[in-house]
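Here are my notes on this one, as promised. Have a look at the model first, then read on.

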Amino acid sequence: MASSRPFGSRPFIVGIGGTTRPESSSEKALRYALALAAAEGADIELFDGASINLPMYAPESAERSEGAERMVAALRRANGVILSTPCYHGSVSGLVKNALDYSEDMCKDPEPYLDGRAVGLIVCGHGWQSTGVVLTAFRSIVHALRGWPTPMGVAINTLVERFDESGAGTQEHTARQMAVMVGQVIEFARLRSQLAKPSPPEAGLHEGGTMPEKRTIERARKDAREGKAASTQAGEFVREEMDHVQEGKHTVSSREQAIAIGLSKARRAGVKLGPPKKGKARAKRSGR
Ligand SMILES: Cc1cc2nc3c(=O)[nH]c(=O)nc-3n(C[C@H](O)[C@H](O)[C@H](O)COP(=O)(O)O)c2cc1C
């Protein structure tokens, strides 16, 4: 199955965060991050402090404000997400958490909540202790939403750092961390769009996932019983992959990629092929 959020050359990155306070540091930091994403070729949409000032999320009610509907619709389309919160009493602010609670409306989506999306995190607080603690809490929330927190998170101590939304005034280490975090969100989006396959739990549970079909495994076993070569057995998995691509069950960027996926399935099914050629894998990475 192809990703439900395919994109051409421009990933769509959604930013959510900030406070209702004028001059909100977490909002300025978020605007700065989104500007970096736009400079890297992403389409962006910002949900700032004012726009996430939404009614308290009510799971029992189907009624949603226009702002909440707009935010959830954007999250559904998002290829990556950047979240920014102030430290409030040792955790994420209620405003940001309430906005994220609305992702519950996506619980039955093909890719529920933030599934399949890298999520970059920014935390602004009065000191390193709280920023560290809140970054950890923020990551736990993203995990619960099945998102992929980026390895780089950005903690900003607003007692010592004053900056504007263009990033002017940020300390060098913050600017560097921000660039790495945004780069990781976009890189993940691009890689995932190339793979165009669903994340677990869907993957492997239906035809077109990462697990081979039963009949393909049976065909390969029959080949093995008949003494046919490992390459012939593996050919059954490659053929399955080619059939899936032709039937539109999922997409690949090239014939070579379909073959590589088929061979990988064969290896996981126990076909005794040699390891993939190292030279090719390296050439592919350096070609990115
Ligand atoms: C209600 C409230 C609770 C706060 N709790 C903490 C805290 O526990 N630890 C901390 O370091 N800063 C705390 N702060 C300070 C804010 O995290 C800090 O000023 C942050 O930069 C505010 O974000 P903003 O500029 O986007 O409004 C608190 C501020 C408020 C208003």
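1. For the ligand, I call a residue near if its C-beta atom, placed from the backbone, lies within 6 Å of the molecule. On that basis 18 residues surround the ligand, and the closest are Ser25, Ser26, Pro86, His126 and Ser130. Helix H1 (25-39), strand S3 (80-88) and strand S5 (118-125) each give two or more residues to this shell. Helices (H or I, at least four residues) and strands (E, at least two) are DSSP runs, numbered from the N terminus.

2. This is a predicted model: local features need pLDDT of at least 70, side-chain atom pairs count only at pLDDT 80 or more, and totals for chains, interfaces and linings use all residues. Residues are numbered from 1 along each chain as its sequence is written.

3. The ligand shell has four nonpolar, twelve polar and two charged residues. Here Ala, Val, Leu, Ile, Met, Phe, Trp, Tyr, Cys and Pro count as nonpolar, Asp, Glu, Lys and Arg as charged, and the others, Gly among them, as polar.

4. Now the helix pair. H6 (residues 214-225) and H7 (residues 230-246) pack at about 160°, axes 8 Å apart; axes are lines fitted to C-alpha atoms over the stretch in contact, and angles run from 0 to 180 degrees between N-to-C directions. That makes H6 roughly antiparallel to H7 (angles over 145 degrees count as such).

5. Confidence: the chain's mean pLDDT (the predictor's confidence in each residue, from 0 to 100) is 87, and 88% of its residues reach 70 or more. Where pLDDT is low, the predicted coordinates should not be read in detail.

Notes. Parallel < 35°, antiparallel > 145°, perpendicular 65-115°, else oblique.
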